[in-house]
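Student: Could you take me through one part of this structure closely, and show me how that part sits within the rest of the chain? I would like to look at the metal site and its surroundings.

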Amino acid sequence: MSFDRTVKIAPSILAADFANFGAEICAVESQGADWIHVDVMDGHFVPNVTFGPSTCAAIRPHIQTVMDVHLMISPVDQFIEAFAEAGSDVITAHVEAGPHIHRTLQAIRANGAKAGVALNPGTPASAVAHLLDVADLVCVMTVNPGFGGQSFIPLESKVAELLAMIGDRPIHIEIDGGVTPETAPGLVAAGADVLVAGSAVFEGGSVENPAPYGRNIRKIRS
Ligand code: DX5
Ligand code: ZN
């Protein structure tokens, strides 16, 4: 995984057909997805449950790009090895998920993945000030995590603040939640380079009819 700040669109399979992940991933990648975003929820850190490392391992062979795993779980440390072994390229943990996020990020890197740190909407940018030497990605949540299809919380000023803190370090700024063709431009202008999008990518398309996925991705990118 080489580093650059060009805009990358990361469809979230939370909005895909759960009975058909392999084919859905193949469809969005063929339609221009840059990364595949995988939302792991535990019913404890967030009020919803999705799936765990075995599902990640099962979908990994279908991903040609980057498997970007967003852990909305607490505690997190004891599961890092399993998600790394499942083939995650990026593993993101929440700063709010426990008292030892610095250790968590070190452990993610030690397991061979890029380390991401996510911030809930109510958490200030300063929460990552002392984590920048152990992070490869900062994820700014622009919805309260747990569900797809929620409305966007405008946090462009937090993104700009993070970009200033990051300076020339090779750290991605990812946005997760409510990204649409309308909200994307302000986020990119503020410094975001990875845009996660669930509903806005998958709406109107299917494995049988993937062309809308491509149109949706191009609309967000432009
Ligand atoms: C929310 C998840 C997001 C979600 C985004 O908890 O982390 O990745 O899938 O969905 P949309 O793009 O529909 O807001
Ligand atoms: Zn996510």
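Tutor: What follows starts with the whole chain, turns to the metal site, and then moves outward to the elements around it.

Please keep in mind throughout that this is a predicted model. The protein chain contains 8 helices and 8 strands, and its C-alpha trace spans about 45 × 35 × 35 Å along the principal axes. A compact globule with 222 residues would have a radius of gyration near 17 Å, and the 16 Å of the protein chain agrees with that. Of the 222 residues, 52% count as buried. If we take the contacts with a separation of 6 or more, residues 24 or more positions apart account for 66% of them.

Now to the metal itself. The zinc ion (ligand 2) is coordinated by His37 through NE2, Asp39 through OD, His70 through ND1 and Asp176 through OD, at 2.0 to 2.3 Å. Written along the sequence, the spacing of these donor residues is H-x1-D-x30-H-x105-D. The two histidines link distant parts of the chain, since histidine 37 belongs to strand β2 (residues 36-41) and histidine 70 to strand β3 (residues 67-72), 33 residues apart. Histidine 37 counts as buried because its relative accessibility is 0%, and histidine 70 is buried too, with a relative accessible area of 1%.

What is the arrangement of the 6 donor atoms around the zinc ion (ligand 2)? They subtend angles of 69 to 170 degrees, which makes the arrangement octahedral. For comparison, the ideal angles for six octahedral donors are 90 or 180 degrees.

From histidine 70 we can step to a neighbour, threonine 92, which lies in strand β4. Threonine 92 is buried, with a relative accessible area of 1%. Leaving aside residues up to four places away in sequence, threonine 92 touches Asp68, Val69, His70, Leu71, Gly116, Val117, Ala118, Leu137 and Cys139. His70, as we saw, is one of the zinc donors. Another donor residue, aspartate 39, is 53 residues from threonine 92 in sequence, and the two are 9.9 Å apart in space, C-alpha to C-alpha.

Cys139, also on that list of contacts, leads to the cysteines. The count of disulfides comes to 0. Cysteine 139 is in no disulfide, for the nearest cysteine sulfur, that of cysteine 56, is 16 Å away. Cysteine 139 is buried, with a relative accessible area of 0%. Cysteine 26 is likewise in no disulfide, and its nearest cysteine sulfur, again that of cysteine 56, is 18 Å away. Unlike the buried cysteine 139, cysteine 26 counts as partly exposed, because its relative accessibility is 48%.

Strand β4 also meets a helix. The buried residues of helix α4 (residues 101-110) are Ile101, Thr104, Leu105 and Ile108. They cover an arc of only 95 degrees around the axis, which puts them on the same side of α4. The general reason is that an α-helix has 3.6 residues a turn, so residues three or four places apart point the same way. What covers these buried residues of α4 includes α3 (80-85), β4 (90-94) and β5 (114-119). Just after α4, glycine 112 takes a positive phi of about 90 degrees.

Strand β2, which holds histidine 37, has a helix against it as well. In helix α1 (residues 21-30), 7 of the 10 residues are buried, so this helix is largely enclosed by the rest of the structure. Its buried residues are Phe21, Gly22, Glu24, Ile25, Ala27, Val28 and Glu29, and they pack against β1 (8-11), β2, α2 (53-59), α7 (199-202) and α8 (211-221). After α1 comes glycine 32, whose phi is positive, near 110 degrees.

One last feature belongs to the loop between β3 and α3, where proline 75 is found. The peptide bond from serine 74 to proline 75 is cis, with omega near 0 degrees. As a general rule, most residues other than glycine have a negative phi, and most peptide bonds are trans.

Notes
Residues numbered from 1 in each chain as written. Chains lettered and ligands numbered in written order. Predicted model: local features only at pLDDT ≥ 70, side-chain atom pairs only at ≥ 80, totals over all residues. Heavy atoms only, no water. Buried < 20%, exposed > 50% of the residue type's maximum accessible area, 1.4 Å probe, protein only. Helix = DSSP H or I, 4+ residues; strand = E, 2+ residues; numbered from the N terminus. Arc of directions from axis to C-beta. Contact = heavy atoms within 4.5 Å. Donors = N, O, S within 2.8 Å, 3.2 Å for Na, K, Ca; no water. Tetrahedral: all angles 85-135°; square planar, octahedral: opposite > 155°, others 65-115°. Disulfide = S-S within 2.5 Å. Rg over C-alpha atoms; globule rule 2.2 N^0.38 Å.
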